[in-house]
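Student: Could we go through this one together? I'd like to see how each label is earned.
Tutor: Sure, ask away.

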Amino acid sequence: MARVELQNVTKDWGTAKAVDDISLSLEQGEFAAVLGPSGCGKSTTLFMLAGIYMPTRGDILFDGARVNDVEARDRNVGIVFQSYALYPNMTVLQNILFPLRFKKVPKAEAEKSAREIAELVEISSLLDRKPSQLSGGQQQRVALARALIKKPNLLLLDEPLSNLDATLRLSMRMEIRRIQRELGVTTILVTHDQIEAMTMADRIICMNAGRIEQEGTPEALYTRPETVFAASFIGSPPINLLPGELTADGLRIGETLLATRGETNARSVKLGIRPEHVVANGHGIPAEIISAEALGRETLYTARSALGDTRFLEATSAPKYKAGEQVRLSFDAAHSILFDAERDRRLEGVSAHA
Amino acid sequence: MSASSSYRQATNFAVFLGPALVFLLALLVAPIIVDLVVAFTDMAQTVTINEFTTKQFGKLVHASDDSWLGFELRGTFYRALSLTAVFVFLTLTIFNVTFGLILALTTTALPDRLGAFFRAVWLLPRMAPSVVYALLWIWVVDPTERGLLNQLLVHGFGMAPVNMALNHPMALIVISNGFIGASMGMLILTSSIRSIPQHLFHAARADGAGSLSVIRHVVLPALRWPLSYITVFQTLALLVSFEYIFLLMGSSRSTMTMAMLAYTKTLAPGIGSGQYAYGAAITLILIVIGMVSALLLYRLTNMKALLAKPRIEVH
Ligand SMILES: Nc1ncnc2c1ncn2[C@@H]1O[C@H](COP(=O)(O)OP(=O)(O)OP(=O)(O)O)[C@@H](O)[C@H]1O
Ligand SMILES: [Mg+2]
């Protein structure tokens, strides 16, 4: 229920920059996911939003008002910590009720909403236990209930589902999304799981080394990554990145010359092509299968060719090719993404195909 | 095979635990047994035993049909017991626990360097030799206007000088012992506060808790075990402590606690010492009191449950 803005926010720890000049704005009720490698400043960013850390520079705004100096307890932010941070001396019920203590909610009413929220995250049978008697996944759900009970203006989730099994994770994803919509609470979810980010969020913020690498819809990040980092971090199995030289004749990768369209100023480039866009259907570049991994619904192959080692996916559950088999690989220009090798940024208006 | 392994077990036991056992027996168990035996003799200045008798206890209590216990405490003993109770209770509650807790809470809330500095200041009395510390107090409470306290009272507040040793002997020994005793609580509690995961503080803040609520709901629960430990340990230490009382007050009747009484009757220089059997009898009672209080406190603070299950979880 708040519009949230970060303006040129930096957080230094001594000489190290945990967060480096981040600007970001979230609409009221928006659900954003933050993706990025370990140590890139995701938790630090959340902590600054929650009022736990003060930004070294820059401003944080809620609904247009600067909140840098507003204490955590006055921000009405719900946060689920990576480490759950449940109070060890309190029972699950007391943990969930804790935020309501400071809101002067009548006791009966508080307990009623605690039980409702416990129902929602499926921990009703655990209310009398101490946190030390819970599994990691159960603790995460208690933490989630505690963050939600006070109907926060901003919900910050620091990897809230990392310890759940696949089934529970799937249902919790939907639950969180449903609760989020119902309450209309602006939400930021930190995750390492791209599927989670892609399925839950309206917008993905890809972070690297304290900076925002790219933000946009899940689809935009996947199909039009702006940087080599964003391209390689998002997508599983990861994108193929093949180094080559762009010339007037086409794209030269090793001894092979690929046809190109669009601008052809000579420069070093990286050709990005996602594994599901490489096809092995009898024409194109000759390659030898060096490995085949059955992933369940599909099979991931690695093939060696003049382009280098290339991953590609086939939608068959049993491997179609064996290691050592010869295939021919091709891909569409529409699916190729070219990056300037020097600046590591995407080149507009140029594509290659094989 | 099994014979040699059980032999090995036996030798391992002897090699590893032997020294500790010898130490335990020679230094801890033996003195208690000696004390127990001597308490029922007539050992005095000559350090010889002529007869076994309960007359030492007769100096402390006398038979009485009016009392439901069948005996009454004699004046000295009654006085020593009540002085001990007051001394231990006040020093423990005011200084060793409460003040230690306050010091730990405040010095951990300060910036690191400053906090460390204040803790170091509070450790100084423990580092100083007892005699130096006692001399310092003797100067502080000197009844004339030379004493620091009286300088403050007279010149600072325009009040009349006080004679602490004469008029407030209990306050003097409680405060002087407390200033030393508080530092142990402070150290143990500081390290306990430090070991509380940072995220718990963050979570409490985000949940809306102010500083006092954080102390009440996050800090104090984590200090339950160390607080019980300090209580039990310091009670035992205070029950038998007499050195500062002696250094500050000498064999004054106004501060003649059980430990002081035992010391005065045996090893203290001056008239009345050398009554070893009498001292042993007093000490024996002190040992019993110590055991009973330790057990009571142990039950009261639920130490068993706390020992069985650590309540601080670190993720
Ligand atoms: N209290 C602190 N003091 C000093 N450095 C810190 C502190 N907290 C975080 N850092 C540093 O700041 C950087 C960002 O940390 P942060 O916890 O935000 O990473 P993260 O993106 O959440 O990583 P992860 O995915 O592993 O949780 C790291 O390099 C970390 O070492
Ligand atoms: Mg983190």
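Student: Which residues are closest to ligand 1, and how many surround it?
Tutor: Ligand 1 has 13 residues around it, the closest being Ser38(A), Lys42(A), Ser43(A), Thr44(A) and Gln82(A). A residue counts as near if one of its heavy atoms lies within 4 Å of the molecule. Keep in mind that this is a predicted model: local features need pLDDT of at least 70, side-chain atom pairs need 80 or more, and totals for chains, interfaces and linings use all residues. Residues are numbered from 1 along each chain as written, chains are lettered from A and ligands numbered from 1 in written order, and side-chain values use heavy atoms, without hydrogens and water.

Student: What makes the pairing of Ser38(A) with an oxygen atom of ligand 1 a polar contact?
Tutor: The distance from that oxygen to an N or O atom in the side chain of Ser38(A) is 2.5 Å. A polar contact is a pair of N or O atoms within 3.5 Å; within protein, one must be able to donate a hydrogen and the other to accept it, and sequence neighbours count only if both atoms are side-chain atoms. So 2.5 Å qualifies. Ser43(A) has a side-chain N or O atom 2.7 Å from a ligand oxygen, and for Trp13(A) the distance to a ligand nitrogen is 3.3 Å.

Student: Why is the pair Arg205(B) and Glu71(A) called a salt bridge?
Tutor: Their side chains meet at 4.0 Å, N to O. The rule asks for a side-chain nitrogen of Lys or Arg within 4 Å of a carboxyl oxygen of Asp or Glu, so this pair is counted. Chain B and chain A have two salt bridges between them, along with six residue pairs in polar contact, both at pLDDT 80 or more.

Student: What makes residues part of the contact between chain B and chain A, and how many are there on each side?
Tutor: Contact means heavy atoms within 4.5 Å, and 19 residues of chain B and 27 residues of chain A take part.

Student: Where is the salt bridge between the two domains of chain A, and how do you know that it is one?
Tutor: An automatic or database assignment sets the bounds: domain 1 is 4–232 and domain 2 is 239–353. One salt bridge is counted between them. Glu226(A) and Arg346(A) meet at 3.3 Å, N to O, so that pair fits the rule too.
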